[in-house]
Amino acid sequence: MARPKKEQNNFTVALAGNPNVGKSTIFNNLTGMHQHTGNWPGKTVANATGGTLINGKNFKFVDIPGTYSIMSNSEEEEIARDYICFGNPDATIVVVDSTCLERNLNLVYQVMEITPNVILCVNLLDEAKKKKIKINLKKLSKLLKIPVVGTVAKDKKTLENLKDVIYKVCTGEREVRPNKMVYKDIIEDSINQVEKSLKKENIEIIEHTENEQKKYDDDFLRWVSLKLIDGEEGILNSIKKNTKLNIDSKNLKQEIKSVRAKLQEENIEKEDFKEKVTEEILNKSEEICKEVCTFENKNYSSKDRKIDKILTSKTFGIPIMILFLGLIFWITIEGANYPSEMLFTFFHWLKEWINKFFEFIYMPKLLADILLNGVYDTLTWVIAVMLPPMAIFFPLFTFLEDLGYLPRIAFNMDKFFKKACCTGKQMITMCMGFGCNACGVVGCRIINSPRERLIAILTNSLIPCNR
């Protein structure tokens with residue numbers, strides 16, 4: 001899929017990264033108020049695009065859904081994968097969490113396999129400083145052979161250097177040649193063998209598109225060859241849909257079959273191939289982190305692990321969860337009584353004055369009754385009853401999310417929900433339903449399985465919310 005022709009001064013930049021690494025905050029600060037929200041074509045998942053000027057040139061930023069891997073299968077992760085692989089942006093910024101760089105580098109290596117124009121944004125440096133983690137950004141850039149920029153997303157000043165790097169990469173002032181992943185010999189030989197067959201079967205298509213855009217270059221064809229060996233249907237269907245490559249030819253299929261037979265001789269089954277590839281990427285990520293990261297306090301995460309053991313234990317996990325949620329409900333119910341009473345008093349006082357005004361202007365009694373006893377009473381009752389508990393419940397629920405406790409709730413409840421053919425993630429959306437059913441239903445988008453998502457939508461609508 002060749003990139004459409006565009007003006008020389010217009011560039012597209014994708015922002016990728018794991019969930020909760022500050023990607024959207026960086027996007028917001030880069031684009032300011034020049035944003036547009038919509039849906040991906042044929043999908044219910046929202047997208048955000050925004051534009052800004054850098055050195056007089058127009059840059060369009062696309063905030064793609066957070067993903068841990070482009071080998072994933074959920075709707076959000078499928079969209080992220082397809083945009084990174086086939087959207088063909090001028091540059092892809094991969095935002096990573098500096099406090100857990102090793103885990104985040106998995107996505108970085110996968111993106112570098114597809115496109116050379118990768119910029120690594122090491123975010124949350126303030127959090128790393130608190131945990132006494134030091135990252136040698138220059139050495140990291142040297143090892144990966146891509147631009148590396150350190151940022152604190154909420155501090156706009158730290159994004160100026162990022163803007164400068166984006167400009168240089170997109171305009172070609174800075175050439176990027178990533179240090180791509182090299183797998184063990186048997187896997188590399190297999191990729192090369194399939195790649196040769198892929199080129200042979202698609203030589204006319206490759207030569208034709210090469211003059212327009214270097215979309216089907218060696219890097220991309222290598223990545224396609226890797227996926228052909230893997231054989232995951234979702235990615236193969238995306239390749240067929242978004243490229244002109246013929247990946248169903250008889251000769252190519254025979255070559256893939258031959259390669260898989262050789263891999264089997266090395267005890268690498270088709271089902272294990274993806275795991276072997278991921279394992280090598282993770283090992284490489286660990287190796288890189290050991291070279292660039294310094295931990296002044298090597299036991300910086302021991303406290304979090306101890307807390308995790310308590311919050312997710314079989315003995316204390318459920319009681320603590322009930323205690324937390326019970327406390328939130330009690331604060332919401334008791335706390336909402338006072339502002340509700342104040343609002344009722346205020347609206348009743350205001351109603352008397354409005355009634356006097358209607359009498360003063362000789363408004364017909366029928367119309368006055370409709371406006372005051374109908375529209376006004378209904379509107380003010382909804383505000384007085386619903387606003388206070390929602391204004392208390394959702395901030396408290398957000399506080400639990402910021403503490404990182406919501407994933408623990410999902411983990412604790414997963415076993416019980418599985419017995420009902422559901423997922424533990426539904427527990428989070430059900431809790432949101434106590435504040436508002438609409439939020440509980442909309443929140444079901446976090447559930448990967450379409451079947452489990454549908455069950456959650458249907459059952460969450462039955463949760464008694466604060467109405």
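This is a short chat about reading salt bridges, a helix crossing and a surface patch in a predicted model.

Colleague: How many salt bridges does the structure hold?

Modeller: There are 20 of them. The idea is a Lys or Arg side-chain nitrogen within 4 Å of an Asp or Glu carboxyl oxygen. Take K23 and D63, whose side chains meet at 2.7 Å, N to O. That pair ties distant parts of the chain together, with K23 in helix α1 and D63 in strand β4, 40 residues apart.

Colleague: Is K23 buried or exposed?

Modeller: Buried means under 20% relative accessible area. K23 has 7%, so K23 is buried, and D63 is buried too, at 10%.

Colleague: Which helix holds both K168 and D164?

Modeller: Both sit in helix α6, four residues apart, or about one turn of the helix. Their closest N and O atoms are 3.4 Å apart. K168 is partly exposed at 30%, and D164 is partly exposed at 30% as well.

Colleague: What about E195 and K199 in helix α7?

Modeller: They are also four residues apart, and salt bridges with shared partners join E195, K199 and D218 into one network.

Colleague: Why are α3 and α12 called oblique to each other?

Modeller: Angles outside the parallel, antiparallel and perpendicular ranges count as oblique, and perpendicular stops at 115 while antiparallel starts over 145. Helices α3 and α12 pack at about 125°, so they are oblique. Their axes are 8 Å apart, and the crossing is right-handed.

Colleague: Which residues form the nonpolar surface patch?

Modeller: L366, L367, I370, L371 and V375, with about 450 Å² of accessible area together. L371, in helix α15, is partly exposed at 32%.

Definitions and conventions. Residues numbered from 1 in each chain as written. Predicted model: local features only at pLDDT ≥ 70, side-chain atom pairs only at ≥ 80, totals over all residues. Heavy atoms only, no water. Patch = residues over 30% accessible without salt bridge, like charges linked within 9 Å, V, L, I, M, F, W, Y side chains within 5 Å. Areas by Shrake-Rupley, 256 points an atom, 1.4 Å probe, with all protein chains shown as cover. Helix = DSSP H or I, 4+ residues; strand = E, 2+ residues; numbered from the N terminus. Buried < 20%, exposed > 50% of the residue type's maximum accessible area, 1.4 Å probe, protein only. Axes fitted to C-alpha atoms, helices over the stretch in contact; angles between N-to-C directions. Parallel < 35°, antiparallel > 145°, perpendicular 65-115°, else oblique. Left-handed = near helix turned anticlockwise from the far one by under 90°.
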